[in-house]
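Open the model in your viewer and get ready to select pieces by residue number. We will go stop by stop.

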Amino acid sequence: MRFERGRVLAGRRLEEALLVEDGRVAAVGSLEAVRRASPTGTDVVDLAGGLVVPGLADAHLHLGEIARERAGVDLGAVRSLAELRERLAVYAQRHATPAIVGRGLDLERLAERRWPTAEELDGPVADRPVVLFHASGHAAVLNTAALERAFGGRARPVRSAAEASVLLEDEQAAVRPLVDEALPLTAEALRASLVGLAGCGLTTVGTMNTHARELDLLRELADGGRLPIRVRAYPPLRPGAGDAGRARAEERGRLAVVGVKGFLDGAFGPRTASLSEPYADAPGLSGIDREDDRELADAIAAATAEGLAPALHAIGDRAVGRAVRLTASAAPVAAPARIEHASLTPPAVLRELARARPLLVVQPGFVLSDWWLGERLGPARSRWAYVFRSLAELGVPLAGSSDAPYDTADPWRGMRAAVDRRDELGRSANSWPDQALTAPEALALYTEGAHRALGLPERGRLAPGAPADLVVLKVPRLDDALRTGSSAVRETWVDGRRLDGAGSGAEARR
Ligand SMILES: [Zn+2]
């Protein structure tokens with residue numbers, strides 16, 4: 001297969017043509033050279049002036065949750081509590097599910113900027129449980145029926161009267177059975193989500209915190225040859241759970257279990273990210289420290305002995321510091337130890353990162369989505385959030401990801417965010433211009449960077465001998481693709497084969 005009549009991005013160079021044989025890149029260079037290298041009768045793909053880039057990877061998303069989002073109530077567009085109640089009432093009328101699950105509730109976008117109370121949720125739906133997840137996935141609010149189902153007569157966490165029906169972080173485990181029952185996960189929904197992601201140009205994804213049901217369904221798809229793209233799974237790291245809760249390394253078809261995901265803190269939205277100084281807009285709070293370092297270190301040692309790499313969630317600066325120390329002491333395995341998010345890295349943490357250089361899995365889209373961060377942290381501190389340029393200059397390896405469905409899955413939006421660092425309204429979590437990346441650097445986050453993070457260092461570049469994962473864009477330049485987004489994707493190829501039905505910029509939001 002020879003790709004010609006367009007351009008091919010090979011490393012930092014633009015070439016004229018590309019030859020693929022037996023699922024690998026056989027030649028890349030001038031049209032003349034690639035034609036000479038081609039056996040007679042080679043099929044030709046007419047690029048029609050478009051650009052070929054390496055297949056993209058998203059190093060951190062939640063496939064099961066993306067698949068489930070197709071069901072349930074999408075609350076991303078809700079702007080007031082009145083609107084929220086109306087949406088719930090309409091949804092409840094049309095859906096007979098045993099419980100109502102909503103996602104994407106963003107308090108910063110509500111006129112009231114606060115959680116609804118259980119009683120306010122009982123108004124539209126009193127006959128069944130209602131569970132509404134915060135946009136970050138790190139908190140949820142329940143109506144009275146859901147509180148009863150989840151806790152019965154047992155004591156439940158109550159921090160304040162205003163947030164008496166809000167569950168933070170681990171507390172959400174109490175509603176998992178209820179959510180699983182309302183929105184059962186299916187293999188078809190997982191597959192459809194992967195086809196949608198492939199339509200954005202993704203050829204590999206890392207699915208984090210992979211629960212047993214999701215992993216079983218992924219195995220079923222892999223065994224049947226029905227995974228459209230490669231999936232790397234990271235089941236939960238369970239400190240203190242002993243042997244029974246332990247994940248095992250495995251590889252079958254396009255699926256592999258290569259690591260385990262642990263949590264050191266929460267998120268900025270619900271103020272559970274662990275900070276070394278209190279929140280600027282809530283002086284009594286400085287976040288939540290999850291897990292004990294010694295138990296974590298033991299669980300990591302058990303995981304690496306099994307060949308699984310730790311992936312540690314750390315957003316606040318205090319959590320990132322812990323994660324640097326924990327990853328530094330982890331034994332090396334096939335996939336790299338990684339820190340997820342590493343959002344806030346003031347100078348003291350940057351110095352530790354410069355010494356240890358752990359791989360950081362970042363989400364450039366958060367620069368846009370967390371536009372309210374200056375208020376949470378204060379301007380002096382938010383200046384050290386999402387400092388991709390500073391991190392790259394210190395030689396810290398970076399990988400791109402979306403954290404979908406907790407942010408938009410579209411990798412092109414992520415790249416644009418890394419370059420522009422402002423949304424259409426000019427808002428930003430940290431608008432310091434010195435942190436912007438160039439378009440090729442942003443692409444590298446989602447090609448070489450994200451593949452390396454998932455233990456696939458040979459992927460993410462179009463060089464002779466490399467596996468032929470690639471994306472054919474309708475536009476001639478990388479900058480155009482960043483402006484256009486995933487609708488610029490014409491075709492996605494995995495191991496030298498074009499995916500059917502994946503290449504019209506399929507649905508990629510949330
Ligand atoms: Zn995540």
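Before the first stop, one term: two strands pair if DSSP finds at least two bridges between them. Keep in mind, too, that this is a predicted model.

**Stop 1: the whole chain**

Show everything as a cartoon. The chain has 18 helices and 25 strands. Its radius of gyration is 23 Å, close to the 24 Å that the globule rule gives for 510 residues, so the chain is as compact as a globular protein of that length. Turn the model around: along its principal axes, the C-alpha trace spans about 75 × 50 × 50 Å.

How much of the chain is buried? Buried residues make up 54% of the 510. Now think about contacts between residues with a separation of 6 or more. Of these contacts in the chain, 75% are between residues 24 or more positions apart.

**Stop 2: a mixed sheet**

Select residues 17-21, which are strand β4. Then add 24-29, which is β5. The two strands run antiparallel, and five bridges join them. Zoom in on Ala17: Gly29 in β5 stands opposite.

Strands in a sheet pair through backbone hydrogen bonds, either parallel or antiparallel.

Widen the view to the open sheet around this pair. Four strands form this sheet, in the order β5-β4-β1-β6, and the pairing is mixed. Which strands are at the edges? They are β5 and β6 (44-46), and each pairs on one side only. Neighbouring strands here are turned by 20° against each other on average, direction ignored.

**Stop 3: helix α7**

Select residues 187-198 for helix α7. At 1.5 Å a residue, its 12 residues should span 16 Å; the end C-alpha atoms are 16 Å apart, which agrees.

Now colour the buried residues of α7: Ala189, Leu190, Ser193, Leu194, Gly196, Leu197 and Ala198. What covers them? The cover includes α2 (63-68), β14 (202-208), α8 (212-223) and β24 (489-494). Select each of these elements in turn to see the surroundings of α7.

**Stop 4: the domains**

Give each domain its own colour. Domain 1 is 2-55 + 463-498, domain 2 is 72-182, and domain 3 is 244-250 + 257-453. The C-alpha centres of domain 1 and domain 3 lie 32 Å apart.

Where do domain 1 and domain 3 touch? Nine residues of domain 1 are in contact with 10 residues of domain 3. On the domain 1 side, the elements that give two or more residues are β7 (51-54) and α18 (478-484). Of these, α18 gives the most to that side, with four residues.

**Stop 5: a parallel sheet**

Select 259-263, which is β18. Add 309-314, which is β19. These strands pair in the parallel sense over five bridges. Look for Val260: its bridge partner in β19 is Pro310.

Now show the open sheet that holds them. Five strands form it in the order β18-β19-β20-β21-β22, and the pairing is parallel. The edge strands are β18 and β22 (398-400), each pairing on one side only. From one strand to the next, the twist averages 25°.

**Stop 6: the helix across the sheet**

Finish with residues 439-453, helix α17. Which strands does α17 lie across? They are β20 (338-341), β21 (359-362) and β22. Look along β22 and compare directions: α17 runs at about 110° to β22.

Terms used
Residues numbered from 1 in each chain as written. Predicted model: local features only at pLDDT ≥ 70, side-chain atom pairs only at ≥ 80, totals over all residues. Rg over C-alpha atoms; globule rule 2.2 N^0.38 Å. Buried ≥ 20, exposed ≤ 12 C-beta atoms within 10 Å, placed from the backbone. Contact = placed C-beta atoms within 7 Å. Axes fitted to C-alpha atoms, helices over the stretch in contact; angles between N-to-C directions. Expected span 1.5 Å × (residues − 1). Domains from an automatic or database assignment.
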